[in-house]
Amino acid sequence: YELIRDGALPVSRAYRPDQEERLIRELVLQLKLGRVRPPYFAEKYGVDILRRFDEPLRSLKEGGFLAEATSDSVALTRAGLLRVDSLLPRFFQPKHAGIRYT
């Protein structure tokens with residue numbers, strides 16, 4: 001209870017992601033479901049994810065993990081969905097790529 005002093009919690013210590021980090025976080029969380037809708041990201045973030053993440057999407061396609069990447073839908077194959085957690089770091093910013101979460 002030492003963290004709580006005078007009824008205040010240490011909320012100022014929380015990490016505040018920037019717009020790019022929020023975009024990436026939402027994208028990878030939705031990819032865990034196997035499919036994302038590019039129009040959603042264009043509307044919410046003003047970003048064309050097909051262009052912004054061209055390289056990681058291409059690598060997924062080459063590996064047989066991406067079923068489709070169209071203006072309407074980005075979808076993983078069954079193989080991609082089964083190993084999605086190991087595929088997601090390719091979308092991370094370089095400063096976050098080597099971080100291991102436990």
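A cavity, in the sense used on this tour, is a set of grid points where a 1.4 Å probe fits but cannot get out. The model on screen is predicted, and with that in mind the tour begins inside it: the largest cavity holds about 40 Å³ of space, and the structure has one cavity of 30 Å³ or more.

**The whole chain**

Before going to that space, show the chain as a cartoon and follow it from the N terminus, where the elements run α-β-α-α-α-β-β-α-α-α, a total of seven helices and three strands. If you then switch on the surface, you are looking at about 7500 Å² of accessible area, of which 53% belongs to carbon and sulfur atoms. Of the 102 residues in the chain, 31% count as buried. Among contacts with a separation of 6 or more, 55% are between residues 24 or more positions apart.

**The sheet**

Next select residues 35-36, which are strand S1, and 66-69, which are strand S2, and add residues 74-76, which are strand S3. Together the three strands form an open sheet in the order S1-S3-S2, with antiparallel pairing. S1 and S2 stand at the edges, and because each has a single partner strand, one side of each is left without a neighbour in the sheet. As general background, strands of a sheet pair through backbone hydrogen bonds, either parallel or antiparallel.

Stay with S2 and S3, which pair in the antiparallel sense over three bridges and are joined by a hairpin through four residues. To see one bridge, pick Leu 66, whose partner in S3 is Leu 76.

**A helix across the strands**

Now select residues 54-62, helix H4, which lies across S2 and S3 and runs at about 140° to S2. Within helix H4, find Glu 55. Is Glu 55 buried or exposed? Its relative accessibility is 62%, so Glu 55 counts as exposed, the cut-off for that word being over 50%. From there, draw a distance to Arg 90: Glu 55 and Arg 90 are 35 residues apart in sequence, while their C-alpha atoms are 8.8 Å apart in space.

**A glycine before the first strand**

Move to Gly 34, placed in the loop between helix H1 (19-31) and S1. Gly 34 has a relative accessible area of 9%, and it is therefore buried, since buried means under 20%. Which residues does Gly 34 touch, not counting those up to four places away in sequence? Show Val 74, Ala 75, Leu 76 and Leu 81 as sticks, and you have them. Leu 76, already met as the bridge partner of Leu 66, is 42 residues from Gly 34 in sequence and 5.2 Å from it in space, C-alpha to C-alpha.

**Leu 27 and the cavity**

The last stop starts in helix H1, where Leu 27 lies. With a relative accessible area of 3%, Leu 27 is buried. Leaving aside neighbours within four places in sequence, Leu 27 is in contact with Val 36, Phe 41, Ile 49, Phe 53 and Phe 91. Pro 38 is eleven residues from Leu 27 in sequence, with a C-alpha to C-alpha distance of 9.6 Å.

Keep Leu 27 selected and add Leu 31, Val 36, Ile 49, Phe 53, Leu 57, Val 74 and Phe 91, and you have the residues that line the largest cavity. Rolling a probe the size of a water molecule over the atoms shows where empty space is left. Here the tour returns to its starting point, the space of about 40 Å³ in the largest cavity.

Technical notes
Residues numbered from 1 in each chain as written. Predicted model: local features only at pLDDT ≥ 70, side-chain atom pairs only at ≥ 80, totals over all residues. Heavy atoms only, no water. Helix = DSSP H or I, 4+ residues; strand = E, 2+ residues; numbered from the N terminus. Buried < 20%, exposed > 50% of the residue type's maximum accessible area, 1.4 Å probe, protein only. Contact = heavy atoms within 4.5 Å. Areas by Shrake-Rupley, 256 points an atom, 1.4 Å probe, with all protein chains shown as cover. Pairing = 2+ DSSP bridges. Axes fitted to C-alpha atoms, helices over the stretch in contact; angles between N-to-C directions. 1 Å grid on protein atoms, 1.4 Å probe; cavity = no way out; pocket = protein on both sides within 12 Å on 5 of 7 lines; lining within 4 Å. Points joined across faces, edges and corners; volume = space filled by probe spheres on them.
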